Amino acid sequence: MSQSRLEVFLARIYVDQTAREKFLADPRAEATRAGLAPHEIEDVVNIDRDGLELFAYSLEHKRAHKYGRKKNHHS
Amino acid sequence: MNADRFGLGWRPRLAAGILANLDRIDIVEVIADDYFRASRHERRPLRTLAAQTPVTLHGVSLGLASAVPVETKRLDDMARLCGEVTPEFWSEHLAFVRGGGIEIGHLAAPPRTDATIEGALANLARAKQIVGVAPQVENVATLIDPPASDRDEAAWLSAIIRNSESKLLLDLHNLYANSLNFHFNSKEFIERVPREGIETIHLAGGKWIGRDGAQRLLDDHLHDVPDPVYELLEEVAARAPQPLTVILERDGNFPSIESLLDQLDRARQAVRRGRERLTPAPGVAA
């Protein structure tokens, strides 16, 4: 069950800029508030911040282009 | 051994070029999700294409690598399309794409844990039950080192391949990008995943993004296949004796069809070089 909470938490900080900024300002508090397990809290406190910012940027970039062309999230 | 196949991802902008060059294209990969909401009439060109040339269906939104079960409706959509098109096989990514009603809008690498392995195995079993055939599963590129992981990608991926009926669609540009972004050896990765499980290869290109000192390679499908990816293809062909299906993906910034066909020819050459080096698996007589 905690794993699905972790997926929800990650989805939110990947997509929602406000949630991401709150998380980056106080990762432990936000992870605790999300109900993550203790070991998950430790893991997200040490999140790959550069990667988080770049992934969030790439998602915003995709959304910005969404109306201009067909989906470009094939991989 | 001459059963390796080389093909292109179907995109509307490439349609004319693909149809005019089917003598140089062995197989076409179609994005399944583009047709889920289409009417039967709108799907007719896809059925016509499948009658002309081998077609595979590639999904991008199931979210198989999740602790949460894939919605039945999404699998029903795939089952209906597979029933209509009768592809040679279908494939999906080992990614999670949503959580708690939030659509990520892209393929996210899940935490690499027992929980996501178990979730993926359960989702793959349901996918086979509903669609009738297990999907091939693809490794994804990621810009972020998946949080809360307790093992590396090769170990995580191998556990899923070894414990499911799914074969591996090995995306070599995803592997290449991850190896550069997270500093591991891509050739060692190829040695660690089950060689007998590899059936399909994806090739693509990408670009570097990010500030100086923190750049990462983005798998954007908007650039040509870089040389190291052909080298990885040769490595796979040297290790996996079974027939391989190699698909070149291009989603935009389209070059001429001739340029794409040239890249397919380079892929053929890489596989040929690998086949010349092919050595039997340990314990298998030559």
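The following legends describe close-up views of a predicted model.

**View 1. Secondary structure of chain A.** Chain A contains 5 helices and 0 strands. Read from the N terminus, the order of its elements is α-α-α-α-α. Chain A has 75 residues, of which 36% count as buried. When contacts in chain A are restricted to residues at least 6 apart in sequence, 45% of them join residues at least 24 apart.

**View 2. Crossing of helices H3 and H4 in chain B.** Two packed helices are described by the angle between their axes and the distance between the axes. In chain B, helix H3 spans residues 72–85 and helix H4 spans residues 114–131; their axes come within 9 Å and cross at roughly 45°. Because of this angle, H3(B) is oblique to H4(B). The crossing of H3(B) and H4(B) is right-handed.

**View 3. Residues at the contact of H3(B) with H4(B).** On the side of H3(B), the participants are B:Thr72, B:Leu75, B:Asp76, B:Met78, B:Ala79 and B:Cys82. They meet B:Arg126, B:Ala127, B:Ile130 and B:Val131 in H4(B). Sorted by class, the residues of this contact are 7 nonpolar, 1 polar and 2 charged.

**View 4. The largest nonpolar core.** This core has 95 residues. Which residues have the most contacts inside the core? They are B:Leu203 and B:Leu233. The largest share of the core comes from helix H1 of chain A (residues 2–15), which supplies 7 residues.

**View 5. Surroundings of B:Leu233.** B:Leu233 is one of the residues with the most contacts inside the largest nonpolar core. Neighbours within four places in sequence are left aside here; the contacts of B:Leu233 are then B:Leu172, B:Ile201, B:Leu203, B:Val246, B:Ala267, B:Ala270 and B:Val271. Among them is B:Leu203, the other residue named for its contacts inside the core.

**View 6. The contact between chain A and chain B.** Chain B gives 39 residues to this contact and chain A gives 29 residues. On the side of chain B that touches chain A, at least two residues each come from strand S5 (96–99), strand S6 (102–108), H4 and strand S11 (216–218). S6(B) provides the largest share of that side, 6 residues. By class, the residues on the side of chain B comprise 20 nonpolar, 11 polar and 8 charged. Helix H4 of chain B thus appears in two settings: H4(B) supplies residues to the side that touches chain A, and H4(B) also meets H3(B).

Methods:
Residues are numbered from 1 along each chain as its sequence is written. Chains are lettered from A and ligands numbered from 1 in the order in which they are written. This is a predicted model: local features need pLDDT of at least 70, side-chain atom pairs count only at pLDDT 80 or more; totals for chains, interfaces and linings use all residues. Axes are lines fitted to C-alpha atoms, for helices over the stretch in contact, and angles run from 0 to 180 degrees between N-to-C directions. Helices (H or I, at least four residues) and strands (E, at least two) are DSSP runs, numbered from the N terminus. Angles under 35 degrees count as roughly parallel, over 145 as roughly antiparallel, 65 to 115 as roughly perpendicular and the rest as oblique. A crossing is left-handed if the near helix is turned anticlockwise from the far one by less than a right angle, and right-handed if clockwise. Two residues are in contact if their C-beta atoms, placed from the backbone, lie within 7 Å. Ala, Val, Leu, Ile, Met, Phe, Trp, Tyr, Cys and Pro count as nonpolar, Asp, Glu, Lys and Arg as charged, and the others, Gly among them, as polar. A residue is buried if 20 or more other C-beta atoms lie within 10 Å of its own, exposed if 12 or fewer, and partly exposed in between; C-beta atoms are placed from the backbone. A nonpolar core is a set of buried Ala, Val, Leu, Ile, Met, Phe, Trp, Tyr and Cys residues joined through C-beta atoms within 7 Å.
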